[in-house]
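Notebook open, coffee ready. Today I'm looking up how some strands are put together and what the cysteines are up to.

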Amino acid sequence: MRTKSLLLFLIASLFLSLSVFASDGTAPVRWRTFVKCDGDKGIVTFRALVSSGWHLYGLELPTGGPKPTVFDLSGSVGVKFEDSVKPQREASKVEDPLFGMTLNWWDSNVEFTVPFKVTEPGNARIDCKITYMACNGETCMPPKTENISAVVKQAK
């Protein structure tokens, strides 16, 4: 019976959290994308705008906790990525009482970059699926996926 009560409590908390997000119209994390290209070399920047009081989880997390932030660039065409996605700064390491483990996160705006080479001029496009979670110390939003698409315009 305790398991059923706990499950009902968690479901009710989730719906309450989702209704708060829907009612004020703001998401705890918003994304902006910038593509710079000079000749056949470029860099794409994904900027996470983290709302005050919230944190965005890191790129690598221990199992059994929240979902890490993942950038899936496999849908891109006409470009070859020359490295993995890197944050501009290290995430903070924090003992999280909500999950009972040490986690890493960013609690303010952060940028992620990845260099690329244009392989198909005129057809190059960055398509990224960013899957992430954010929490504020009291509640967490469920994992969310943002689909981002940007045309690569080469400088002449």
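**Entry 1: the hairpin.** I began with the hairpin of β7 and β8, where four residues sit between the strands. Gly-100 caught my eye there, since Gly-100 takes a positive phi near 70°. I should jot down that this is a predicted model, so every value here is computed. The two arms of the hairpin, β7 and β8, run antiparallel to each other and share five bridges. I looked up one facing pair as well: Glu-95 is opposite Thr-102 of β8.

**Entry 2: the whole sheet.** Which strands belong to the sheet, and in what order? Reading across, I get β7-β8-β3-β11, an open sheet of four strands with antiparallel pairing. The edges are β7 (92-96) and β11 (134-135), as each of these pairs on one side only. A reminder from class: strands of a sheet are held in pairs by backbone hydrogen bonds, and the pairing can be parallel or antiparallel.

**Entry 3: the inner strands.** Next I checked β8, which covers residues 101-106. Is β8 mostly enclosed or mostly open? Five of its six residues are buried, so β8 is largely enclosed by the rest of the structure. On to β3, which pairs with β8 in the antiparallel sense through two bridges. One partner match I noted is Tyr-57 with Trp-105 in β8. Strand β3 spans residues 55-57, and it also pairs with β11, again antiparallel and over two bridges. Here His-55 has Cys-135 of β11 as its bridge partner. That cysteine took me to the next page.

**Entry 4: the disulfide.** How many disulfides does a search of the whole structure find? The search turns up one. It joins Cys-135 and Cys-140, with the sulfur atoms 1.8 Å apart. So Cys-135 has two jobs in my notes: it is the bridge partner of His-55, and it is bonded to Cys-140. Why is this disulfide called right-handed? The torsion about the S-S bond is about 105°, so right-handed it is.

**Entry 5: buried or exposed?** I finished by looking up accessibility for some cysteines, keeping in mind that buried means under 20% relative accessible area. Cys-135 comes out at 0%, so I wrote it down as buried. Its disulfide partner Cys-140 has 16%, and that still counts as buried. I checked two other cysteines too: Cys-37 is buried at 12%, and Cys-128 is buried at 2%.

Note on methods. Residues numbered from 1 in each chain as written. Predicted model: local features only at pLDDT ≥ 70, side-chain atom pairs only at ≥ 80, totals over all residues. Heavy atoms only, no water. Disulfide = S-S within 2.5 Å. Buried < 20%, exposed > 50% of the residue type's maximum accessible area, 1.4 Å probe, protein only. Pairing = 2+ DSSP bridges.
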